[in-house]
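Let's take a look at the charged pairs in this one. Have the sequence and the model open side by side as you read.

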Amino acid sequence: MDRATEAKNLRRRYGALGLLAVGLAGAQALANWRNDHLILINETASLDHWAFLVDRRAVPERGDFAFFVAPQNDLVTRHFGSHAPPFGKRVYGVGGDRVSRNGHVVRVNGRAIARLKPFTKTGEALTPGPVGIIPPGCFYMGSPHRDGLDSRYGEIGFVCRGQLVGTGEAIL
């Protein structure tokens, strides 16, 4: 084999190794992104959007969409099953904020954010949610929807970091 052919073959090998390295780096970057992100679909009318890109690493701030694992209780199990999908809501209150109730109106830091209903659409009793100072690392999650199952009810209550799935960005 002459020197020109050897050089050509060597360039091909280095080119193939370079492409392999780029491909492996790209696959690793995609795997890392996949481990930190989800695409979730909202199947309820409680939010205006139905598709969300969720960042599992982000800690939500007031006004963000956030997704969490609901507490297991009879009401959640009856309506969503024993392995309920993540709930998606807006963060209306953060640690240190004050939640209060005046009749059926729920307020965070004095601002009305929701109305309590005594019963679900199917007639099941609902328990009023917690009031007072939201503990550090916990959030008041809500929805503008009148039938939303959220922190206004004791069946959900304050949502704390251990329940968080991540912070969402509406994509559809």
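## Setting the cut-offs

Before going further, one bit of vocabulary: a residue is called buried when its relative accessible area is under 20%, exposed when that area is over 50%, and partly exposed in between. Keep in mind that this is a predicted model.

How many salt bridges are there by the rule used here? The count comes to six.

## Asp97 and Arg62: a link across the chain

Start with Asp97, whose side chain forms a salt bridge with that of Arg62, at 2.3 Å from N to O. This pair ties together distant parts of the chain, 35 residues apart. Asp97 sits in the loop between β4 (87-94) and β5 (98-102), while Arg62 belongs to the loop between β2 (51-55) and β3 (65-68).

Is Asp97 buried or exposed? Its relative accessible area is 8%, and because the cut-off for buried is under 20%, Asp97 counts as buried. Its partner Arg62 comes in at 46%, so Arg62 is partly exposed.

## The network around Asp55

Next up is a small network: salt bridges link Asp36, Asp55 and Arg57. Within it, the Arg57 and Asp55 side chains meet at 3.3 Å, N to O.

Arg57 has a relative accessible area of 54%, and since exposed means over 50%, Arg57 falls on the exposed side.

## A buried pair

Last, have a look at Arg152 and Asp150. Their side chains make a salt bridge with an N to O distance of 2.7 Å, and both Arg152 and Asp150 are buried.

Technical notes: Residues are numbered from 1 along each chain as its sequence is written. This is a predicted model: local features need pLDDT of at least 70, side-chain atom pairs count only at pLDDT 80 or more; totals for chains, interfaces and linings use all residues. Side-chain values use heavy atoms; hydrogens and water are left out. A salt bridge is a side-chain nitrogen of Lys or Arg within 4 Å of a carboxyl oxygen of Asp or Glu. Buried means under 20% relative accessible area, exposed over 50%, partly exposed in between (1.4 Å probe, protein chains only). Helices (H or I, at least four residues) and strands (E, at least two) are DSSP runs, numbered from the N terminus.
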